[in-house]
Amino acid sequence: MYSNKHIAKIVGILFITATITSSLSIWLTEPALEATNFLKAFSDYSNQIVAAMLLMLIDAISVAFIAILLFPILKRNSERLALGYVGMRIMEGILFAAYVAILLTVLSISKEYSSSNVQDAGNFKLIGQSLLILAEWAFDIGLGIVFTISALILNYILFRFALVPRWLSVWGFLGALVTMTIVLLKFYDIQVAEALDFIIGIQEMVFAIWLIVKGLTYESPKQPDNSV
């Protein structure tokens, strides 16, 4: 048996980095996004918004590098699934980067709004609201669809080839399904307790610690399984 502990440790650190930066980013943007006059709030919290967007960019880069670093290990077991995982995580990073670009655009509009006269305010609000809806879609699709598909792929590989204890991969698989369900129901205006998102969040932290301490174990060398 062979365990690539060096790569596993880096990936574990990246998992923790992605979770911390995304959580802090959401927390920092919440006051502006929930404000009645969101344009004024964006202008008032401009430094906070910029910091939050930098953190979200770190998250986007981290998730992409997680997949890139795991690819050589995962493809030993299933090259198709490994490619699917990389594709999903890169797409997730792109959607989060788009989310950042949109909110920074709202921030720019908020500064113009703050210096405009009352007659122009309605146009700024309409554009800003449209951009916020677009940002919400980008985030929800990135987290609720693309991320969860990547988590399902990863945990399927982990379970099928016993790269980690199977209870850990089952936990991740179920957590991804719960998060996907929450977001899909949200598309139909059905609100479910978002605290259930912590199922996959906590699993990823346990998985990250496992990677740092134990690494991934797999047989080496062997031909990759190209079947799903």
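1. K40 is partly exposed, with a relative accessible area of 44%. In this predicted model, the side chain of K40 forms a salt bridge with that of D44, at 2.9 Å from N to O. Both residues lie in helix α2 (residues 38–44), and because they are four residues apart there, about one helical turn separates them.

2. A salt bridge also joins the side chains of K186 and E136, with an N to O distance of 3.4 Å. Distant parts of the chain are linked by this pair: K186 belongs to helix α6 (residues 166–187) and E136 to helix α5 (residues 118–160), with their positions 50 residues apart. K186 is partly exposed, its relative accessible area being 23%; E136 is likewise partly exposed, at 40%.

3. The side chain of K186 meets that of D140 in a salt bridge as well, at 3.3 Å from N to O. Here again the pair links distant parts of the chain, K186 in helix α6 and D140 in helix α5, 46 residues apart. D140 has a relative accessible area of 10%, so this residue counts as buried, the limit for that class being under 20%.

4. Which residues are joined into one network by salt bridges that share partners? They are E136, D140 and K186. K186 takes part in the salt bridge with E136 and in the one with D140.

5. As for the total, the count comes to four salt bridges, where a side-chain nitrogen of Lys or Arg must be within 4 Å of a carboxyl oxygen of Asp or Glu. Among them are the K40 and D44 pair and the K186 and D140 pair.

Note on methods
Residues numbered from 1 in each chain as written. Predicted model: local features only at pLDDT ≥ 70, side-chain atom pairs only at ≥ 80, totals over all residues. Heavy atoms only, no water. Helix = DSSP H or I, 4+ residues; strand = E, 2+ residues; numbered from the N terminus. Buried < 20%, exposed > 50% of the residue type's maximum accessible area, 1.4 Å probe, protein only.
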